[in-house]
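Student: Could you take one helix packing in this model and describe it closely? Please set out the geometry and the residues involved.

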Amino acid sequence: MNRILIKNAKIVNEGSIFEGDVLIENDLIVEVSDSISLKTSDCIVIDAEGNYLMPGAIDDQVHFREPGLTHKGDIESESRAAVAGGITSFIEQPNTVPNAVTQEILEDKYQIASQKSFANYSFMMGATNDNLEEVLKTNPKNVAGIKIFLGSSTGNMLVDNEATLERIFSSTPMLIAVHCEDETTIQNNLAEFKEKYGDDIPVTAHNLIRSAEACYISSSKAVALAKKTGARLHIFHLSTAKEMELFTNKIPLEDKKITAEVCVHHLWFTDEDYKTKGNFIKWNPAVKTAADRKALWEALNDGRIDVIATDHAPHTKEEKQQLYLKAPSGGPLVQHAVVAMFEAHHQGKISVEKIVEKMCHNPAKIFKIEKRGFIKEGYYADLVIVNPSLPWSVNSDNILYKCGWSPFEGTTFKSRITHTFINGELVYNNFKIKDIRAGKRLLFDR
């Protein structure tokens, strides 16, 4: 039997922090208590005194690029980076090649992950203008949800037929996750900037082309359609102050039919950073203004926004160094998301309890993930130890992404992930990853 006893940790769970011990047996948490006494010969003991013990983060939106785009990243490389960053479960998106828009292609991704993933995994089914029959075959017990792109992005899967959208929203009981940007608005803005700059548009125009208006038009339509049809809607990577009026904190999360996600980059960067970071912070939706960022933080803390995720989407350095119009949108974040949020905690922007709520508890609740996201007896032992005062700097030697770069390169974080457990296995320990692919397919209680 694999037994690990974590002692003297500051356990962060369900809105409180208390000092205590956690006993792991095989893949489960079997005891959480103020003090657990066992013979050291019976188990491995880890003294976590002074450090936080939190549930592993659940990233509800990543792009790990496999199959078809594996020069950018793959399930093995990116899940390794995720585990080093304290992310123990991920939900991957369907815009791989070929797009995951049939049950057969979707299942192929699960087969790859079963062999290669360090972290727990799920893959979303992609919707198109003409695959409703395939979408409706999706099994709610072992697939996270349905993904719809309402704005074109990497691997163009744009769904722009309103009748089709209404049919999807009306027909599936599953969670529908959407990327919201209005394509007509974007194309009109792009035409204006092309007229002015030709093909040499500066990256500083990105948030003016993929504008706040484009986001709001699309997200407000999605919310209206969800209200009309009763669909279970989850809006990914919100980026504007205006969109915050679409969401409520007046009802408990469990009762919400419309939920909201924000990504680390929209909480960290602003349009001022385009001058120094260029295409390396070019995302869709675009990083917006400082006022937008402030509004996102307010909505996150007051409960209108429910989840923090990454939208991890690696591209090679060479791809990103092209001219603005050719450089793809997206960037790698899974290795640095949790410590970035702990940095925000050090800056007084968010409590540790709230980080755990938004990165661990709420994704588990929203997707109804079985036995993960909490430190509870009987739950899977997906656990992370964070030292809040062990500074380190991001550099090319410690970046684990296949693409080899990070928008955080040169940043010093005060906090460090020291241990990551996946299903009871200590997979990561102080910059060293064991070659243990302990990840399992996520299952859903629905």
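Tutor: Helix 12 and helix 13 cross in a right-handed sense (the near helix is turned clockwise from the far one by less than a right angle; anticlockwise would be left-handed). The model is predicted, so local features require pLDDT of at least 70 and side-chain atom pairs pLDDT 80 or more, while totals for chains, interfaces and linings use all residues. Residues are numbered from 1 along each chain as its sequence is written, and side-chain values use heavy atoms, without hydrogens or water.

Helix 12 spans residues 337-346 and helix 13 residues 352-367; helices here are DSSP runs of H or I with at least four residues, numbered from the N terminus. Their axes cross at roughly 150° and come within 9 Å, where axes are lines fitted to C-alpha atoms over the stretch in contact and angles run from 0 to 180 degrees between N-to-C directions. Ala337, Val338, Met341, Phe342 and His345 of helix 12 meet Val352, Ile355 and Met359 of helix 13, contact being heavy atoms within 4.5 Å. These residues comprise seven nonpolar, one polar and no charged (nonpolar: Ala, Val, Leu, Ile, Met, Phe, Trp, Tyr, Cys and Pro; charged: Asp, Glu, Lys and Arg; polar: the others, Gly among them).

Another pair is helix 1 and helix 2 (residues 103-116), packed at about 60° with axes 10 Å apart. This crossing too is right-handed. Ile75, Glu76 and Ser79 of helix 1 touch Lys109, Ile112, Ala113 and Lys116 of helix 2, a set of three nonpolar, one polar and three charged residues.

Terms used:
Helices (H or I, at least four residues) and strands (E, at least two) are DSSP runs, numbered from the N terminus.
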